[in-house]
Amino acid sequence: MRKVYYIYNPKTRTYDRIYPTFRQRVLDVLKRLFVGMGFGAGSFILLFWIFGTPSEKQLRIENSRLQAQYNVLSRRLDEALGVMQGIQQRDDNLYRVVLQADPVADAVRKAGYGGTNRYEELMDMANADLVINTTQKMDMLNRQLYIQSKSFDEVVDLFKDHDEMLRCIPAIQPVSNKNLKQTASGYGMRIDPIYKTAKFHSGMDFSANIGTPVYATGDGVVKKAGWQTGYGKLIIVNHGFGYETWYAHLNDMDVRVGQKVVRGEVIGEVGNTGKSTGPHLHYEVHVKGKVVNPVNYYFMDLSAEDYDKMIELAANHGKVFD
Ligand SMILES: [Zn+2]
């Protein structure tokens with residue numbers, strides 16, 4: 001239907017019909033068209049602004065997935081670095097101690113990363129911290145793996161040259177695990193069982209029944225088999241290479257001074273002699289005249305897993321029998 005236009009005429013107080021030109025009609029149509037289009041486009045933009053375009057939505061989902069993946073990766077790298085630390089500890093505190101080699105210097109283990117501008121190209125990422133952190137961990141692990149494999153090459157060479165030494169140095173538990181009554185108490189500051197004060201415990205206590213066999217922990221020569229104040233019946237085995245092992249509070253001694261013993265040979269029985277609050281073996285390892293933590297000298301008995309258990313056990317602050 002054709003549109004009809006009126007205009008108010010104040011003089012006659014009536015509405016006069018007007019007849020717009022073609023140009024006016026076209027302009028009018030165009031005006032309406034533009035307003036409609038503007039409104040439509042505005043709503044469209046508003047909707048995208050609130051809900052996002054379909055591809056943006058997809059990207060956002062993907063982004064959050066990637067972020068989650070990065071977090072998982074970062075955690076896994078933490079675990080791997082933890083395992084690495086265990087291996088390093090065993091290398092430094094066990095293999096190298098036994099072979100009388102210096103531990104790998106911390107500076108060497110930790111060298112090669114920490115440069116300030118190393119991760120600069122990652123800085124402008126939205127999740128820069130997470131990405132840089134994870135990359136850093138990966139680099140650390142790489143570096144440490146390389147150093148560790150080099151170190152083990154050296155350890156293997158050292159082992160080849162130390163055949164006799166390896167037979168002599170203490171390397172097993174003096175009491176078999178199957179005979180242990182409870183977890184032993186470790187080396188270090190402990191509460192004295194008699195005086196109830198903090199005191200240095202110079203060995204490891206293996207709680208077992210009286211009469212349980214006690215084994216020489218490495219080849220050597222008996223240096224002492226007799227009574228010593230506090231220690232009760234005590235056997236000292238000299239292993240050479242600066243090593244001695246002490247077996248205290250024995251019930252019975254099966255060896256005499258000067259006798260050669262081999263690793264695993266029974267030398268006496270667990271007892272309760274001297275300053276002792278219950279049947280147990282007090283075992284000490286001395287290196288070059290100094291008492292050391294025996295925990296590093298059971299390595300022939302122990303798998304890697306057992307070693308971790310032994311470390312835990314040695315840290316045990318439970319009952320000391322002295
Ligand atoms: Zn003890």
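**Salt bridges, a hairpin and a small enclosed space**

In this predicted model, the count of salt bridges comes to 5. One of them pairs Asp78 with Lys137, with the closest N and O atoms 3.0 Å apart. These two sit well separated along the chain: Asp78 belongs to helix α2 (residues 54-98) and Lys137 to helix α4 (residues 128-161), with their positions 59 residues apart in the numbering. Their surroundings are not alike, either. Asp78 is partly exposed, at a relative accessible area of 39%, whereas Lys137 comes out at 13% and is therefore buried, the cut-off being under 20%.

Helices α2 and α4 meet again through Arg96 and Glu154, whose side chains form a salt bridge at 3.3 Å, N to O. Since Glu154 lies in α4 and Arg96 in α2, the pair ties together parts of the chain that are 58 residues apart in sequence. Here the acidic partner, Glu154, is partly exposed at 42% relative accessibility, while Arg96, at just 3%, counts as buried.

Turning to the strands, Glu244 and Lys223 also meet in a salt bridge, at 2.6 Å from N to O. Glu244 is part of strand β9 (residues 243-250) and Lys223 is part of strand β7 (residues 220-228), so that this contact links positions 21 residues apart. In this pair Glu244 is the buried partner, with a relative accessible area of 15%, and Lys223 is partly exposed at 45%. Back in the helical pair, Arg96 and Glu154 are not on their own: salt bridges with shared partners join them and Asp91 into one network.

As for empty space inside the protein, there is 1 cavity of 30 Å³ or more, and its volume is about 40 Å³. Its lining consists of Arg190, Ile191, Asp192, Pro193, Lys199, Phe200, His201, Val320 and Asp322. By type, that makes 4 nonpolar, 1 polar and 4 charged residues. Strands β3 (188-191) and β4 (198-201) each give at least two residues to this lining, and β4 has the largest share, with 3.

Those two strands are also partners of each other. β3 and β4 run antiparallel and are joined by 4 bridges; in one of these pairings, Ile191 is matched with Ala198 in β4. Together the strands make a hairpin with 6 residues between them, and Lys196 in the turn has a positive phi of about 60°.

On the scale of the whole chain, the protein is divided into domain 1 (5-51), domain 2 (70-161) and domain 3 (177-314). The C-alpha centres of domains 1 and 3 are 104 Å apart.

Terms used
Residues are numbered from 1 along each chain as its sequence is written. This is a predicted model: local features need pLDDT of at least 70, side-chain atom pairs count only at pLDDT 80 or more; totals for chains, interfaces and linings use all residues. Side-chain values use heavy atoms; hydrogens and water are left out. Domain bounds come from an automatic or database domain assignment. On a 1 Å grid over the protein atoms alone, a cavity is a set of points where a 1.4 Å probe fits but cannot get out, and a pocket is an open set with protein on both sides within 12 Å along at least five of seven lines; lining residues have an atom within 4 Å of a point. Grid points are joined across faces, edges and corners, and a volume is the space filled by probe spheres set on the points. Ala, Val, Leu, Ile, Met, Phe, Trp, Tyr, Cys and Pro count as nonpolar, Asp, Glu, Lys and Arg as charged, and the others, Gly among them, as polar. Two strands pair if DSSP finds at least two bridges between them. A salt bridge is a side-chain nitrogen of Lys or Arg within 4 Å of a carboxyl oxygen of Asp or Glu. Buried means under 20% relative accessible area, exposed over 50%, partly exposed in between (1.4 Å probe, protein chains only).
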